[in-house]
Amino acid sequence: MIEDELARIRVLPVVVIDDPGRCVPLAHALAEGGVPCAEITLRTPDALDAVAAVADLEGFLVGAGTVVGSSQLDRAVDAGARFAVSPGFDRELSLAASGRGIALIPGVATASEVLAAGAAGHSTVKLFPAAQLGGAGMISALRGPFPDVRFVPSGGISLDNAAEYDLDAVLTVSTSWIAPRAEIAAGRFDEITARARAFRAAVGR
Ligand code: 3PG
């Protein structure tokens with residue numbers, strides 16, 4: 001299962017990329033830092049080309065992020081995304097993901113949304129925006145009523161607060177801190193490798 005692969009890596013870099021030509025060196029830089037995966041957000045015009053560029057890269061797991069509609073999901077699957085992440089929960093999107101056979105990690109911010117996502121079959125959810133919602137404290141609180149749910153905290157997480165998310169309820173920690181848009185655009189891949197390594201060490205296990 002994709003969730004098992006994500007859990008093993010333990011860190012999910014969120015990427016905003018302008019030039020798909022940067023995606024292969026970016027993937028190598030992340031893998032070199034011990035983080036062989038990325039969520040490419042569909043926020044830039046050529047994001048799907050970036051997904052496609054690394055879809056067949058051996059040992060690298062690529063997903064599409066900021067997926068907010070079924071047609072985007074279709075295009076992400078066609079580009080080779082192995083998983084999809086959405087900032088919120090939407091039943092239609094969830095059904096579309098099941099139809100295409102791709103793992104979708106929907107976003108939640110409340111207990112009601114965890115319930116709605118669970119009713120649609122999602123036991124792994126993105127907690128967004130994690131830091132603003134209370135961070136690790138929020139996850140521990142939700143863990144009580146939802147002991148079987150695994151969370152992917154995302155939003156406001158950097159090296160400074162990464163360690164607080166070393167929790168059993170956390171599947172993997174999502175952050176754009178590792179590969180900032182400007183560092184990718186400038187081709188500073190050594191810096192990205194160093195960030196990946198430091199962040200991976202901070203989240204433990
Ligand atoms: C996002 O989708 O933007 C993620 O939640 C990343 O948030 P961050 O930029 O605060 O790490």
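Tutor: A residue is partly exposed if its count of other C-beta atoms within 10 Å lies between the two cut-offs: 20 or more is buried, 12 or fewer is exposed. Keep in mind that this is a predicted model.

Student: Is T66 buried, exposed or partly exposed?

Tutor: T66 sits in the loop between β3 (61-65) and α4 (70-79). It has 19 C-beta neighbours inside 10 Å. Buried takes 20 or more, and exposed takes 12 or fewer. T66 therefore counts as partly exposed.

Student: What is the phi of T66?

Tutor: Most residues other than glycine have a negative phi. T66 is not a glycine, yet its phi is positive, at about 55°.

Student: Which residue in the loop between α1 (2-9) and β1 (11-15) should I check?

Tutor: Look for a positive phi again. R10 is found in that loop. It is not a glycine, and its phi is about 75°. The residue is R10.

Student: Is R10 buried or exposed?

Tutor: The cut-off for buried is 20 or more. R10 has 20 C-beta neighbours inside 10 Å, so it counts as buried.

Student: What is the omega of the peptide bond from F128 to P129?

Tutor: Most peptide bonds are trans. P129 lies in the loop between β7 (124-127) and α7 (130-133). The bond from F128 to P129 is cis, with omega near -5°.

Student: How many charged residues are in the shell around the ligand?

Tutor: The residues surrounding the ligand include F128, G65, S154 and W177. By class, the shell has 4 nonpolar and 7 polar residues. The number of charged residues there: no charged residues.

Definitions and conventions: Residues numbered from 1 in each chain as written. Predicted model: local features only at pLDDT ≥ 70, side-chain atom pairs only at ≥ 80, totals over all residues. Helix = DSSP H or I, 4+ residues; strand = E, 2+ residues; numbered from the N terminus. Near = placed C-beta within 6 Å. Nonpolar A, V, L, I, M, F, W, Y, C, P; charged D, E, K, R; others polar.
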